[in-house]
Amino acid sequence: RIGPTLSAAMAECFHFVCTRGASSWSAEPMKGDDQPAAGLEGAEAETLDALVAALKAVVKAKKGEEGRISCNQITPKKALFTATIGGIVVAGGGGGGGGGG
């Protein structure tokens, strides 16, 4: 029964395109039928950090949690904000040290 296990591990990702204007940052949800953020409101703030905080609140109001947050500035005037709800987090560790001789 791989179906139920697989569907439980699926993540829901909320993407917003952030744009720096003359005096503030604004964010618009990515549009499309497969975009969970498409029905959400955008946000505006003076700084990118403040915009990230506002977008966390938007996602939390919709889903009850903010999830795992990523905001990557692509150019001086563009950034991509992503909030991921659910899914599986995989983390790797470093290798062990070599044996002494």
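Modeller: Ground rule first: two strands pair if DSSP finds at least two bridges between them. Strands (E, at least two residues) and helices (H or I, at least four) are DSSP runs, numbered from the N terminus. This is a predicted model, so to speak with limits: local features need pLDDT (the predictor's confidence in each residue, from 0 to 100) of at least 70, side-chain atom pairs count only at 80 or more, and totals for chains, interfaces and linings use all residues. Residues are numbered from 1 along each chain as its sequence is written, and side-chain values use heavy atoms, with hydrogens and water left out.

Biologist: Which strands stand at the edges of the sheet?

Modeller: It's an open, antiparallel sheet of five strands, ordered β3-β2-β1-β5-β4. An edge strand has a single partner, so one side is left without a neighbour in the sheet; that goes for β3 and β4 (68-75).

Biologist: How many bridges join β4 to β5?

Modeller: Take Ser 70, whose bridge partner in β5 is Thr 82. The strands run antiparallel, and the number of bridges joining them is seven.

Biologist: Which element gives the most to the largest nonpolar core?

Modeller: That core (buried, under 20% relative accessible area with a 1.4 Å probe, protein chains only; Ala, Val, Leu, Ile, Met, Phe, Trp, Tyr and Cys joined through side-chain atoms within 4.5 Å) has 18 residues, Phe 14 being among those touching the most other members. Elements giving two or more residues include β1 (11-20) and β5 (78-86). With five residues, the top giver is α2.

Biologist: Over which residues is the pLDDT below 50?

Modeller: The mean is 85, and 78% of residues reach 70 or more. One stretch has zero contacts (heavy atoms within 4.5 Å) beyond near neighbours in sequence, and its pLDDT is below 50: residues 1-8.

Technical notes
Buried means under 20% relative accessible area, exposed over 50%, partly exposed in between (1.4 Å probe, protein chains only).
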